[in-house]
Every structure is written in structure tokens, then in C-alpha cells.
Amino acid sequence: MSVIIFIIILSALVIVHELGHFLVARLFNIRVEEFGLGFPPRAKELFTWKDTPFTLNWLPFGGFVKIFGENPEEGATTTSTDSFQSKNRGIQALVLVAGVFGNFLFAWLLISLGFITGLPVSSDFPVPIENPRTTITLVLPESPAQLAGLKSGDSIISVSRGTVNSKLSPEEVSTFIADSPEPITFEIERGKEISKKVVMPKEGIVAGRFAVGITMDVVGVVKLAPHKALWYGLKTVSELTLLTGRAIGIFIFQALGGRADLSSVTGPVGIVGMVGDVRELGFAYLLTFTALISINLSIINLLPFPALDGGRLLFVGIEALTRRPISSRIFNILNTAGFAFLIFLMLLITIRDVRNIF
């Protein structure tokens, strides 16, 4: 089931992205030769909309749009006014950035829907929350908590070592753990299931005290009217985008200096496992998880790297400054090399994810 949900999420994110490119291209009368659901080989043509055939393909991972003249080599061989290359640089940039904007809008829609149906948020959210509970927000890799089976999103019902402790603020739970050289029983609620996990605190995780490797916060549920949900959805997604962009920027800076922690990077196999964990917590968590992936995809796609939208935007910017098109040979070499590097990186991450499973 986790694999199926992952395919649905990935397909939705890619289709939304490509739909952004498609709609803006057609807005400026740029021909789109095909909008593919999935990747070739083609199974069948579904319908035609805005003079573009929508096709169903056999590989069910995302989708694509084939924009006429996007490759400089195509633009050099045609004088058609409906070619991507025939438009000014500003229009080309709008078409390229539209996919990123589509992912942002999709994240906004998902978070807003979450606020309408009931979305888990921290207690410092600026509106009243329902059913506030101490919740695990992070579990450190290879920590006693992870080895015992605790996961992010677990609500703590009680902690005990012989006697049950009913004082459950994050600070009180942290103090209880710090005073315990003995195993602690966590009674937790995950989704609609209640279970117990025995965790052995150890020293070294936090200086000078026992710890199990978790962070906690008071989390409750917020339900809003649709108009408020849209406003707070936009505000939340904007803040998440800024935080995510900053984190990705720091990671890239550290990677260039050889100091990045690649264990924090997850590929498709790792995400499938995360989907399974999130699904256990409930529909609202799945909405938030999908929105976060959409935000990450939008930012990563803006990076000025060949084969990404940001790389293509960089080429358009260079062409605008030099007032001449980039050689199709250079364009194809850089894009091919960039694509090959991304595939190589994805394979390495996937191999590591598979090893972690076994």
C-alpha cells in the first residue's frame, strides 16, 4: 500500500508541476506537442485540450510536457511564431518558473485543506488548538528511541518506570528521562492505535544527562473556516518555503566544503518507508507530508543546475545578457551531463536506502 500511495503522490506532484508549464505556455500561444501522464512508451491518447494531445503512458511515474522549440536546436530550424524560442526571454522565464509555482500552489491547497479538515500544529500557532498533547517531533537515527520503535508524530500518553508519570509536558518528560538510568515504558498513540515501547536511556546524546534521542512539542489540532484556512495555509506554506530554502542552501554550502551529512538525504526507497509511517498517523499528516515534498521539489527545481528548471532559467538569463542564443551543442552537452549526474546521485542514494532497510 505504501508503494501505491507513493506513486500517487509522486504522480500528482509531477503532473501539477508540468501542468504549470503547460498552462503558461498555452497562455502565450506556445505550442505544446504532448502532455503525457506517466512516461513512454505510450499506451493510448486520452483526449485533446488546447490543441494538445493528452496521453497515457505505461510507466506510471509522474508526467511530462513536450513544448515545441524548447530545445535551441529546434528553435534554430523553425520560424514558427508558436515556438518557445520565438518568444522573448521574459515569456520563456515565465514558462519555466510556472512549474515551480504550480508546486507551491499545490502545497498551499493541501495545507489549506488540512486546516479545513483538522491539521496538527504546534501549541504556539496563533489560533486556539484542540486536544493539545505532548508529541514526539524528531527521533534521532540509531538512538535508543528509534531502536525501540518510537517515531515522529507519536503522542505520549504516559511514561513510567514502575510507577506511571502523568505529568506530560515536554519539559517534565525530558526531566523524567534525565533522572532515569533504568528502562522507561512509553505508552504512545499512533494514529488510532495505542501501544507501549520500552526504551533504555543512555548518556552521551545530551551532555551530562540521560536521554533517549527525541525532541517533543505540544501539538494540537486546528480547524478553520475555508477563508481562514486559505489565509493561514498561504502563511504556513510561505514560512515553510523560506525555512526549506534556507536548509537546502546550508546543505549545498556544506556539501561544497565537504562537510554535508548525506545521511539526511532520502531517495525514493526511503520516501516509501516514510509514507508508510505517515499513513499510520492519519490523513492530515499525509497531506502535510505531501505538501512538504511539493515545497522541496519546487525549491530544488529552481537550483541553477543543468537539467533542472533553474538551469534552463540560467541559460535564458545568459542569453538575455549576451543578446544571443546559447549554442545548441553546449546546451545539449550540459543538460545531458547534468541529467546523468542527477541519475547517478539518485542511484547512490537509492542503494544507501536499500542497505539501510536490510
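# Briefing: helix α6, a nonpolar core and three residues

Helix α6 is followed by G258, which has a positive phi, near 75°. The model is predicted, so local features need pLDDT of at least 70 and side-chain atom pairs count only at pLDDT 80 or more, while totals for chains, interfaces and linings use all residues. Residues are numbered from 1 along each chain as its sequence is written, and side-chain values use heavy atoms, with hydrogens and water left out.

**Helix α6**

- α6 covers residues 226-256, 31 residues in total. Helices (H or I, at least four residues) and strands (E, at least two) are DSSP runs, numbered from the N terminus.
- From first C-alpha to last, α6 reaches 44 Å. That is close to the expected 45 Å, where the expected span is 1.5 Å times one less than the number of residues.
- Its buried residues are A229, Y232, G233, T236, V237, T241, T244 and I248. Buried means under 20% relative accessible area, exposed over 50%, partly exposed in between (1.4 Å probe, protein chains only).
- The cover over these buried residues of α6 includes α3 (89-117) and α8 (283-301).

**The nonpolar cores**

- The largest nonpolar core has 30 residues. Such a core is a set of buried Ala, Val, Leu, Ile, Met, Phe, Trp, Tyr and Cys residues joined through side-chain atoms within 4.5 Å.
- F115, F125, V222 and L224 touch the most other members of the largest core.
- Two or more residues of this core come from each of α1 (2-27), α3, β3 (119-122), α6, α7 and α8. The element that gives the most is α8, with eight residues.
- F115 has contacts, meaning heavy atoms within 4.5 Å, with V121, F125, V222, K223 and L224. F115 also touches A229, Y232, G233 and T236. Residues up to four places away in sequence are not counted for F115.
- A229, Y232, G233 and T236 are also among the buried residues of α6.
- Another core, of 17 residues, lies apart from the largest one. Its members include A145, V159, L168 and I188.

**S155, in strand β5**

- S155 is found in β5, residues 155-161.
- S155 has a relative accessible area of 11%, so it is buried.
- Leaving aside neighbours within four places in sequence, S155 is in contact with R133, T134 and T135, and with E187, I188 and E189.
- One of these partners, I188, belongs to the 17-residue core.

**V139, in strand β4**

- V139 is found in β4.
- V139 counts as buried because its relative accessibility is 13%.
- V139 touches A145, Q146, L150, K151 and S152. It also touches G213 and I214, and residues up to four places away in sequence are left out here.
- A145 is a member of the 17-residue core.
- V139 and V212 are 73 residues apart along the chain, and their C-alpha atoms are separated by 8.8 Å.

**A148, in helix α4**

- A148 is placed in α4, residues 144-148.
- The relative accessible area of A148 is 22%, so A148 is partly exposed.
- A148 touches K197, V198 and V199, not counting residues up to four places away in sequence.
- A148 and V199 are 51 residues apart along the chain. Their C-alpha atoms are separated by 5.7 Å.
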